[in-house]
2 protein chains.
Amino acid sequence: MKVNGVHYKTIWMESAEVLMIDQNKLPFEFSIHRCSDYKATCRAIVNMTVRGAGAIGAAAGFAMAQAFMSKADTEKARLEINSTRPTARDLFYASEKVFAAGVHSPALAQQAALDIALENENAGRNIGILGNELIKPGARILTHCNAGWLAFVDYGSALAPVYAAHKAGKNIHVYVDETRPRGQGARLTAWELHNEGVPHTIIPDNAAALLMAKGMIDMVITGADRIASNGDAANKIGTLEKAILAKHYGIPFYIAAPSSTIDMNTLTGNDIIIEERSQDEVLKQTGIDDHGNMHTILVASPGSPAYNPAFDVTLAELITGYITEKGVLTAGHLTPSLSS
Amino acid sequence: MKVNGVHYKTIWMESAEVLMIDQNKLPFEFSIHRCSDYKATCRAIVNMTVRGAGAIGAAAGFAMAQAFMSKADTEKARLEINSTRPTARDLFYASEKVFAAGVHSPALAQQAALDIALENENAGRNIGILGNELIKPGARILTHCNAGWLAFVDYGSALAPVYAAHKAGKNIHVYVDETRPRGQGARLTAWELHNEGVPHTIIPDNAAALLMAKGMIDMVITGADRIASNGDAANKIGTLEKAILAKHYGIPFYIAAPSSTIDMNTLTGNDIIIEERSQDEVLKQTGIDDHGNMHTILVASPGSPAYNPAFDVTLAELITGYITEKGVLTAGHLTPSLSS
């Protein structure tokens, strides 16, 4: 997708180097981070220079390929890569696939890694094409968190249909949930939409019900981190709230995700463990002042504790459909992909 | 209520001076702001040194009394006071009542102002006593925004039952919605509860549904800015979301407010105009860094617009009951008070 009018992918390889958009510096600074060896790529995953399931998967594949190409201890590298973000499903898929190919030759390892990245990009493109068919001209779409191209290699999941509809001239408008505590909506989704020229408005997470009550939202599309075989979907904290509100107001609520997100080994949402993150993400905020200087500030009463669950699980009964690269599915008709 | 173990009210009078807790400096600094004449008190209302319906009402009454006591042009003062926060219902009630008394003597004006403040304090105390009867031992209570004693002269509305239950040794726990964009939950409610020693946890507004789904919330209590005669209630943006979530999970949702909040001239929530505030409240945040220095920082993508509706309207059908100083009422049985 475009940044300042130039086409970029989130992450890519140039000979033996891995290059990626530095997502820790967004939205205030756009810069490319270079990783000259697999260890540097691992560090980029750990410190979230690259984030989002699809982009992390591509990074893991690239890192594994780098290990083979530099004749590093690939068994050790495999363990290091797999321990960067231990809950990321796409990460293991990528590292294992590239490891299996690399046993034959470094060139095959690199080809496997490039294939994984391309597969992710193609999934995003197809989610866009299929999701676009659900979007009516003039639609006002609510989204939560960032499931845009920055979370994948390109196109994204929840935002892929948005980009397709915008390109098709459908005159859409996107309402972007701020997505506290980390603000991925206000920071990353808004940045993506701004760069693509898609009309959009950031709203506080608290305002979604008011907009729905006023008839200002036609559909909701979010991504998912994992979809259980029964259709329950884990995604960024607050997704469940939007799904309940959408049901209350009779508004369609879609999950858009590559079919690799569907985990047939997870039977229901009850089997998904909710990660609890540091309370500082709630109590503090980071941003730039009027002079462009970065500060981290306390925005809550000193001495009060906070609870920071990172995800919630939206039950299948609240989800209108699942927009995957294989088609728009409904709960009860989910098809796995990683096993394919 | 207590601050560092010492009892305070939100606003009070000492001879001809009006004193108030400076709420612009909370939660990072506790200081008392003194207003030596009615103009200073008006400025304190305008710049939100004092905020919250009940506290603003008391401030307006005190300002009107100051005008009479200093032999100012009281007609001019009345207009000035009434234009400080033009949508605050309690403000007009107070200024008009004190004006009517002041026509007879400055002493009667001051007495009328003191009576209004005392009336507000007593309403809070009684809301606490009546609301406490609804709270079971060990209850986990969710609240939104700040309807605590800082918004009134003392005790508060939504938090008055919380304080009463805590004093009664009921071993309660309060989950405090951060309440973006202005963060009154994280900043003011948490500060109040911390000072009173009430166990509490700040949560992102996005986390309420997860807590409800996990059975961690037994009841919701919020305040209200205005209650229509049919029971629809306007309150801080996000209140509607919590009410819909509570209904979805079968959790009681109470509005606590002095009966003066019930406006029999407003037939339904449709008649309540939603104030739209500056987008900077969404896009920027103010707080202190590790060295105690205050900064205002941008926390969103530069160039993206935001929408900032200040209130929403919760329909009566979502509200279990209204905790007023006159009793716990249900929609269809609301009694006005300003007309009494």
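1. A nonpolar core is here a set of buried Ala, Val, Leu, Ile, Met, Phe, Trp, Tyr and Cys residues joined through side-chain atoms within 4.5 Å. In this predicted model, the largest such core comprises 66 residues. A:Ile227, A:Ile255, B:Ile227 and B:Ile255 have the most contacts inside it. Two or more residues are contributed by each of helix 8 (208-213), helix 9 (239-249) and strand 12 (253-256) of chain A, and by helix 8 (208-213), helix 9 (239-249) and strand 12 (253-256) of chain B.

2. The surroundings of A:Ile255 deserve a separate remark. Apart from neighbours within four places in sequence, A:Ile255 contacts A:Thr222, A:Gly223, A:Ala224, A:Ile227, A:Ala233, A:Ile319, A:Gly321, A:Tyr322 and A:Ile323. A:Ile227 thus appears both among these partners and among the core residues with the most contacts.

3. As to the relation of the chains, a turn of 180 degrees with a shift of 0.0 Å along the axis lays chain B on chain A with an RMSD of 0.0 Å. The two copies are therefore related as by a two-fold rotation axis. Because 100% of the interface residues of chain B are also interface residues in chain A, the copies meet through the same surface.

4. Helix 7 of chain A (residues 184-196) has 13 residues and spans 17 Å from its first C-alpha to its last, close to the expected 18 Å. A kink of about 30 degrees is centred on A:Ala190. Just after the helix, A:Gly197 adopts a positive phi of about 75 degrees.

5. Is helix 7 of chain A enclosed or open to its surroundings? Of its 13 residues, 12 are buried, so the helix is largely enclosed by the rest of the structure. The buried residues include A:Arg187, A:Ala190, A:Trp191 and A:Glu192.

How values were computed. Residues numbered from 1 in each chain as written. Chains lettered and ligands numbered in written order. Predicted model: local features only at pLDDT ≥ 70, side-chain atom pairs only at ≥ 80, totals over all residues. Heavy atoms only, no water. Least-squares fit on C-alpha atoms with pLDDT ≥ 70 in both. Contact = heavy atoms within 4.5 Å. Buried < 20%, exposed > 50% of the residue type's maximum accessible area, 1.4 Å probe, protein only. Helix = DSSP H or I, 4+ residues; strand = E, 2+ residues; numbered from the N terminus. Expected span 1.5 Å × (residues − 1). Bend = angle between axes of the 7 residues up to and from the residue.
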